[in-house]
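Trainee: I should be grateful for a close look at the strand pairing in this structure. Please take the strands one after another, and then turn to whatever packs beside them in the sequence.

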Amino acid sequence: MTRTMWANRDLLDRLLIAADGEHVGMVDDLELSDGPAPEITALLSGPTALGPRVGGRLGSWWLAVGRRLRPADDPYPNRVPFAQVTTINHRGIAVAVESAEVPTRRLRGWVHDKVIDRIPGSG
């Protein structure tokens, strides 16, 4: 069954929720198939997906930061196949993968450990 969606309303900037209930990022961009009627093949997340979408100097800077924070052998942007999507609702987009399998957790963990935890009163 084919479902028509509005990407801006239904998918972009929505919370990604792993099978274990953890928040694992936001949908920053979409990967589409080639052809006369493109279909969504994957949800893209992270600074390397958001940078090109923002565009301009800010987008270029955000993309460069994202590339520097990722290991060289790690592909980017973070990609969740659309076939793994189980639910799309007002809370976010639920995917059938565990939080440990989604690479966005690394960046969130680093920011939490190196930045957030150092702020007085954040604990």
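Mentor: In this predicted model, β1 and β2 are joined by three bridges and run antiparallel. Within that pair, I17 has H23 of β2 as its bridge partner.

The pair belongs to an open sheet of four strands, ordered β2-β1-β7-β6, in which the pairing is mixed. The edges are held by β2 (23–26) and β6 (85–89); each has a single partner strand, so one side of each is left without a neighbour in the sheet. From one strand to the next, the twist averages 25 degrees.

The loop between α1 (7–11) and β1 (15–17) contains D13. This residue, D13, is not a glycine, yet its phi is positive, at about 65 degrees. With a relative accessibility of 42%, D13 counts as partly exposed.

A further set of pairings involves β3, β4 and β5. Strand β3 (residues 29–32) pairs with strand β4 (residues 40–45) in the antiparallel sense, over four bridges. Strand β4 is in turn joined to strand β5 (residues 78–81) by four bridges, and these two strands also run antiparallel. The register can be followed through A42: in β4, A42 stands opposite E31, and A42 also stands opposite P81 of β5. Next to that position, L43 faces V80 in β5.

The side chains of β5 deserve a separate remark. In a regular strand, side chains alternate between the two faces of the sheet. Strand β5 shows this alternation: N78 and V80 point to one face and are buried, whereas R79 and P81 point to the other face and are not buried. Thus V80, the residue opposite L43, is one of the buried positions, while P81, the residue opposite A42, is not buried.

The helices remain. Two packed helices are described by the angle between their axes and the distance between the axes. For helix α2 (residues 47–54) and helix α3 (residues 56–69), the axes come within 7 Å and cross at roughly 165 degrees. An angle over 145 degrees counts as roughly antiparallel, which makes α2 roughly antiparallel to α3. The crossing of α2 past α3 is left-handed. On the α2 side, the contact is formed by P47, T48, L50, G51, P52 and V54, which meet G56, L58, G59, W62, L63, G66 and R67 of α3. Classified by type, this contact of α2 with α3 comprises seven nonpolar, five polar and one charged residues.

Note on methods: Residues are numbered from 1 along each chain as its sequence is written. This is a predicted model: local features need pLDDT of at least 70, side-chain atom pairs count only at pLDDT 80 or more; totals for chains, interfaces and linings use all residues. Side-chain values use heavy atoms; hydrogens and water are left out. Two strands pair if DSSP finds at least two bridges between them. Buried means under 20% relative accessible area, exposed over 50%, partly exposed in between (1.4 Å probe, protein chains only). Axes are lines fitted to C-alpha atoms, for helices over the stretch in contact, and angles run from 0 to 180 degrees between N-to-C directions. Angles under 35 degrees count as roughly parallel, over 145 as roughly antiparallel, 65 to 115 as roughly perpendicular and the rest as oblique. A crossing is left-handed if the near helix is turned anticlockwise from the far one by less than a right angle, and right-handed if clockwise. Contact means heavy atoms within 4.5 Å. Ala, Val, Leu, Ile, Met, Phe, Trp, Tyr, Cys and Pro count as nonpolar, Asp, Glu, Lys and Arg as charged, and the others, Gly among them, as polar.
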